[in-house]
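Here is a short tour for the bench, with the side-chain contacts up front and the overall picture after them. Have the structure open as you read.

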Amino acid sequence: MKNCEYQQIDARALGTPASSFQPCTEMKVPRLRRKWEVFPGKNRFYCDGRIILARQSGILPLTLGLIVVTSVLFFAFDCPFLVTHLTVCIPVIGGVLFLFVVISLLQTSLTDPGILPRALPDEAADIEKQIYTSGSSMYRPPPRTKEILINQQVVKLKYCFTCKMFRPPRTSHCSLCDNCVERFDHHCPWVGNCVGKRNYRFFYSFIVSLSFHTSFIFGCVVTHLTLRSQGGNGLVQLVICFFSIWSVLGLSGFHTYLVASNLTTNEDIKGSWSSKRGAEDSGNPYTYNSIFINCCATLCGPMPPSLIDRRGFLPPDDIPPVAAADLELSSFLAKNDTNMVGMPSSGHTS
C-alpha cells in the first residue's frame, strides 16, 4: 500500500512573504461611543456622563469652600459654648441647614438645566427650506422669527443660528455654555451651571436655605460674643456672615418675587412683559394670576426629563467605520489560513 504524506508548501516558492501566514486575528470592532463624548456644547462630563458641569466652573469650589469653612468654624468655636449656656438644639439646627445647603448646591450644579438638543442635519435643512419658502422678497432675507399665540397673546420665537432651530417659548441660548436652555433664567458662576427649567427649584432652595443658614450663624455668633463680652474667634464668622447675609437675602427676595410672578431673571431684565414697552397686552402670558399656583407650577411640578440623552449610545451610522485597509488585511489573512494544501509523496511499505 502507498502512504500519502502531506507537506506544507514553502511560502518562498510561491513568492509570498512568510510573515503573511499568521494566525487569523479578529476584526477590529469599533467601540460604541456615548452621546456625551461628542456633545457640541461647552460642558464637561464626569462619571461616564452622569454629571454635567459648565466649562467655566472655577468659582463653584470657592462657593463650597466658603460655606464649609464658615460652618466648620461655627461648629468648632461657637457651638460648644452655646450648648453649655443655651441649648443642645443649636448644633442640630445648624447641621440640618448645612446639609440642606450643600445638597441643594450640588443638585443645582450637577443637574442638566434643560439643554435642548441641536437640530440634526436633515431637520436643519428642512427648517431652512421652510424659512426661504415663506420669504416674500428675493432681495431681502426672510425674517427668522415665528409668531405663536399663548393665552391670547402673541409671542415671538427667534431662530438660533447655532442650534439650527426656532427656540421654544422662554428658551434662550447661553453664550458661556453654548446651549439653548429651556426656561432659561440665567447663568450662575457661583454654582457653575446654567439655571433653567430642570434645576431652578434646586437653585431656589439653595439660596433660601443659605439665607436661613447664614442668618442662623450670624445670630448665634452675635449671641456668643454678647455672652462672653469679648471678640475671640467668632469675629471670622461674623465678618463673613455680615457681608454675605445682605446679598443672599436680597437674592432670595428677588427670586421669591420671580417665583410668585412666574417670571425668569432673563425676562425681568429684558422687560419682556413690562408695560414700559407701550403695548396694551404686554402682561405675562405665563402667569396663572395666583401667587400660590405660580409657586406650585414653578417649584412643585413634576421634574421634566433630560432631552439630550447624554448617556445614550450613538447610532451605528454615526460611528466611524474601520479603515478600509484594515478590513482588506483581515480578509487577506483569513484567506491565507485556508491555503494549507498537501503534496503527495510516494513511499513503499513492506
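Let's start with the rings: the count comes to 5 aromatic pairs, where rings of Phe, Tyr and Trp (its six-membered ring) pair if their centres lie within 6.5 Å, and planes under 30 degrees apart count as stacked, over 60 as edge-to-face and the rest as tilted. One of them joins Y159 and F161, an edge-to-face pair with 5.3 Å centre to centre and 85° between the planes. Please keep in mind that this is a predicted model, in which local features need pLDDT of at least 70 and side-chain atom pairs count only at pLDDT 80 or more, while totals for chains, interfaces and linings use all residues. Residues are numbered from 1 along each chain as its sequence is written, and side-chain values use heavy atoms, with hydrogens and water left out.

**Aromatic rings**

- A pair of aromatic rings is described by the distance of the centres and the angle of the planes.
- Burial is read from relative accessible area: buried means under 20%, exposed over 50%, and partly exposed in between (1.4 Å probe, protein chains only).
- In the edge-to-face pair, Y159 counts as buried because its relative accessibility is 4%, whereas F161, at 54%, counts as exposed.
- One aromatic cluster is made up of F74, F75 and F216.
- R183 lies over the face of Y200, 5.6 Å from the ring centre; a charge sits over a ring if NZ of Lys or CZ of Arg is within 6 Å of the ring centre and within 35 degrees of the ring normal.

**Salt bridges**

- The whole structure holds 4 salt bridges, each being a side-chain nitrogen of Lys or Arg within 4 Å of a carboxyl oxygen of Asp or Glu.
- D178 and R118 are one such pair, at 3.1 Å from N to O. This bridge links distant parts of the chain, 60 residues apart: D178 is in the loop between β6 (172-174) and β7 (179-181), and R118 is in the loop between α2 (89-110) and α3 (121-134). D178 counts as buried at 18% relative accessibility, while R118 is partly exposed at 24%.
- E267 and R170 form another, with their closest N and O atoms 2.8 Å apart. Here the partners are 97 residues apart, with E267 in helix α6 (residues 265-270) and R170 in the loop between β5 (165-166) and β6. E267 is buried at 8% relative accessibility, and R170 is buried at 17%.
- E182 and K197 also meet in a salt bridge, at 3.5 Å from N to O. They are 15 residues apart, E182 in the loop between β7 and β8 (186-188) and K197 in the loop between β9 (193-195) and α4 (200-228). E182 is partly exposed at 22% relative accessibility, and K197 is partly exposed at 35%.

**Strands and sheets**

- The chain has 8 helices and 9 strands; helices (H or I, at least four residues) and strands (E, at least two) are DSSP runs, numbered from the N terminus.
- Two strands pair if DSSP finds at least two bridges between them. Strand β1 (residues 43-46) is joined to β2 (residues 51-54) by 4 bridges, and the two run antiparallel.
- Within that pairing, R44 has L53 in β2 as its bridge partner.
- Side chains alternate along β1: N43 and F45 point to one face and are buried, while R44 and Y46 point to the other and are not.
- β1 and β2 form a hairpin with 4 residues between them, and C47 in the turn has a positive phi of about 55°.
- An open sheet of 3 strands follows the order β3-β4-β5, with antiparallel pairing. β3 (145-150) and β5 stand at its edges with a single partner strand each, so one side of each is left without a neighbour in the sheet.
- Strand β4 (residues 153-160) and β5 pair over 2 bridges in the antiparallel sense, and C160 stands opposite M165 in β5.

**Confidence and the whole chain**

- The mean pLDDT (the predictor's confidence in each residue, from 0 to 100) is 77 for the chain, and 73% of its residues reach 70 or more.
- Among the elements of the chain, α2 has the highest mean pLDDT (93) and helix α8 (residues 324-336) the lowest (42).
- Residues 320-350 have pLDDT below 50, and beyond near neighbours in sequence this stretch has 32 contacts in the model, a contact meaning heavy atoms within 4.5 Å.
- Of the contacts in the chain with a separation of 6 or more, 65% are between residues 24 or more positions apart.
- Buried residues make up 38% of the 350 residues in the chain.
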